Every structure is written in structure tokens, then in C-alpha cells.
Amino acid sequence: MGGIIIKTKEQIDGIRESCHLAARTLDFAAQFVQAGVDTEFIDNKIEEFILENHAIPATKGYNGFPKSSCISPNEIVCHGIPSPNMVLKDGDILNIDVTTILNGYYGDTSRMYTVGEITPLADQLIRVAQHCLHLGIRQVKPDNYFGNIGFVIGRYANANRFSVVYEFCGHGVGLDFHEEPQVDHTSRRNRGHKMKPGMIFTIEPMINEGRATTSIDRMDGWTARTIDRKLSAQFEHTVLVTQTGCEVLTDIHQEFPVT
Ligand code: MF3
Ligand code: CO
Ligand code: CO
């Protein structure tokens, strides 16, 4: 019997610090996203930055994952392994996902980056994925159902003729990398657990241009690709349920009001 952890004030403050560092790491990574740069190079810079800031990259060694970030270009949905063979080129879109452990506390966030000029369709996919995350965040308040996060995300993605990945989910986070509950990005209204103050979890919708189904690379056991090799986009924030609404703990640019 684990259940969903209600974090203490002290834990929340520690998790917020880690979340801020994870978000600052994504800011720092932006300068290296350029045509001709390989994703292992970007990962090395990310690792240096995290270590310099007295934290540890949570992905390195996690269930055998070898790198300090996940970097997932184009048709890669998530869990892309940074590699010297993956060289960025004009028109690429990519997600960089960073999870830090600072003083034992976890912060998890990801966002999309673009290389040179991208297609209008890729641009629209990115915008829809970002808006899906924002719609999900607006559902975060005490006594609302977790299912309503997936309900609003699924409805908006489908209205834009995109699909929602159902094989990977958001998750409780903070004292551990992946805690309860599982946060579905497509769901029916008023399903699942109710949100309570002190809960901390991620919302990280992956939105596909084509089919929702993914396949895992059988050589590396990690890389998840769209089954039809069409594009995928993802944004992720770590959020706290407050007494009256929510705080986006990985929001260092004050995009979201604390409610
Ligand atoms: N950061 C990812 C998430 O949002 C998890 C990556 S696990 C790894 O949940 F092993 F692939 F690194
Ligand atoms: Co996550
Ligand atoms: Co993540």
C-alpha cells in the first residue's frame, strides 16, 4: 500500500529547488541546439551543468539508461538516447527531457527545440502539444479528478487531428523519480483519483502527427518511435497541488500564475 504521497512543506521547498534547476538546465541547453551538433555533445553539456550546480542527473544509470538527459528528435516520442551518431540538421524538432536530483529531491521537465526553419505542420504540432500541457495544468486543483487532465488534453489534440500517446504517462515525482499516481494524457471525464493539496506530479503529453502507437527500438531497448515514423512533440512540467489551485514548480519564467 503506497498511495499518493502528500509532501510536507520542507519536502515541497526541496523539490521546488530541484525543479528550478531542471528548468534552468533546459534554458542552458538551448545555446547548443544547432545544425551539425550531435545529441551526445548536448548531453555532455547538460551533465556538466547539473554537476556544477551540486545535483545529479536522475536518468544516468536509471534502469540502465546511459545518459544525463533524454533527447528525442522528430519521430522519437521519448527516451531518445543522446548519441554522437545523432547529428541535428535544419528542420529538425526535438524534445530535451531533464530530471535533476538536488539534495535528494527530484525535478522533471522537458520542452521542444527547433533547428533552423521547420515545416508549418511541425510548428503546429509543437504549439498543440504545448497547449495540451497548459490545458492539463489548468485542471490542477484540490478535489478535481486526475482523469480530467487527460480528458481536456485528448479533446484538444483530437480536435486538431493529432493523436495522444497512451503508452507513456505522467507520474508522481519528488522523493523518487516515478511515484504514484500514473497521470494519463487521454482519459474519460471524472475518472481516477482526486487531487489533494501537497501532491506533486508531472504532466507530459506526447502528441503525434499520425497514429498514437509507439514501438521501442529492439537494439537499445529505450528509444520510443511513432509506429508510422511521423512526428511527435512533448512538453513536461512538474506541478504541485496547492490549497486552492496549483503551482508549476518547473515554471522559472512565470508563465503560470500560482493559484
Ligand atoms: N524524464 C522522463 C520522464 O519524464 C523519464 C526518463 S527515464 C529514462 O518521466 F530512463 F529514460 F531516462
Ligand atoms: Co516525467
Ligand atoms: Co521527464
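This is a short walk through one predicted model, covering its cores, a small sheet, the cysteines, the aromatic rings and a few backbone oddities.

I'll start with the interior. The largest nonpolar core has 35 residues. Which of them touch the most other members? Those are Val 140, Ile 149, Phe 201, Ile 203 and Ile 207. As for where the core comes from, helix 3, at 120–138, gives the most, with nine residues. Helix 4, at 147–159, supplies at least two, and so do strand 9 at 200–203, strand 14 at 237–241 and strand 15 at 246–248.

Take Val 140 as a worked case. Set aside its neighbours within four places in sequence, and Val 140 is in contact with Ile 149, Met 195, Phe 201 and Ile 203, among others. The list also includes Val 239, Leu 240 and Val 241, and then Gly 245 and Cys 246. If you have the structure open, centre on Val 140 and you can pick these partners out.

There is another core, apart from that one, with 20 residues. Among its members are Phe 32, Val 33, Ala 55 and Leu 88. Phe 32 will come back when I get to the rings.

Next, the sheet. Three strands make an open sheet, in the order 3-12-11, with antiparallel pairing. Strand 3, residues 76–78, and strand 11, residues 214–216, are the edges, and each of them pairs on one side only. From one strand to the next the twist averages 40 degrees. Strand 12 covers residues 224–226, and its antiparallel pairing with strand 11 runs over three bridges. To place the register, Ile 216 has Ala 224 in strand 12 as its bridge partner.

Now the cysteines, since someone will ask about reducing conditions. How many disulfides are there? The count is zero. Cys 78 is in no disulfide, and the nearest cysteine sulfur, in Cys 70, is 7.5 Å away. Cys 78 counts as buried, at 5% relative accessibility. Why is Cys 246 not bonded to another cysteine? Because its closest cysteine sulfur, that of Cys 19, is 12 Å away, which is too far for a bond. Cys 246 is buried too, with a relative accessible area of 5%.

On to the aromatics. The structure holds seven aromatic pairs. I'll describe two, both of which use Phe 28. Phe 28 and Phe 32 are edge-to-face, at 5.2 Å centre to centre and 70 degrees between the planes. Phe 28 and Phe 49 have centres 4.4 Å apart and planes at 15 degrees; planes under 30 degrees apart count as stacked, so this pair is stacked.

That second pair links distant parts of the chain: Phe 28 sits in helix 1, residues 9–29, and Phe 49 in helix 2, residues 39–52, with the two positions 21 residues apart. Are these rings buried or exposed? Phe 28 is partly exposed, at 23% relative accessible area. Phe 32 counts as buried at 14%, and Phe 49 counts as buried at 12%. Phe 28, Phe 32 and Phe 49, together with Phe 41, form one aromatic cluster.

Last, the backbone. As background, most residues other than glycine have a negative phi, and most peptide bonds are trans. Three places here depart from that pattern.

One is the peptide bond from Glu 180 to Pro 181, which is cis, with omega near 0 degrees. Pro 181 lies in strand 8, residues 179–183.

Another is Arg 161. It is not a glycine, yet its phi is positive, at about 60 degrees. Arg 161 is in the loop between helix 4 and strand 6, the latter at 163–164. At 72% relative accessibility, Arg 161 counts as exposed.

Then there is Asn 190, also a residue other than glycine, with a positive phi near 55 degrees. Asn 190 is in the loop between strand 8 and strand 9. With a relative accessible area of 44%, Asn 190 is partly exposed.

To recap the interior: one core of 35 residues, and another of 20 apart from it. No disulfides are counted, and the aromatic pairs come to seven. Keep in mind that this is a predicted model throughout. That's it from me.

Methods. Residues are numbered from 1 along each chain as its sequence is written. Chains are lettered from A and ligands numbered from 1 in the order in which they are written. This is a predicted model: local features need pLDDT of at least 70, side-chain atom pairs count only at pLDDT 80 or more; totals for chains, interfaces and linings use all residues. Side-chain values use heavy atoms; hydrogens and water are left out. Two strands pair if DSSP finds at least two bridges between them. Helices (H or I, at least four residues) and strands (E, at least two) are DSSP runs, numbered from the N terminus. Axes are lines fitted to C-alpha atoms, for helices over the stretch in contact, and angles run from 0 to 180 degrees between N-to-C directions. A nonpolar core is a set of buried Ala, Val, Leu, Ile, Met, Phe, Trp, Tyr and Cys residues joined through side-chain atoms within 4.5 Å. Buried means under 20% relative accessible area, exposed over 50%, partly exposed in between (1.4 Å probe, protein chains only). Contact means heavy atoms within 4.5 Å. A disulfide is a pair of cysteine sulfur atoms within 2.5 Å. Rings of Phe, Tyr and Trp (its six-membered ring) pair if their centres lie within 6.5 Å; planes under 30 degrees apart count as stacked, over 60 as edge-to-face and the rest as tilted.
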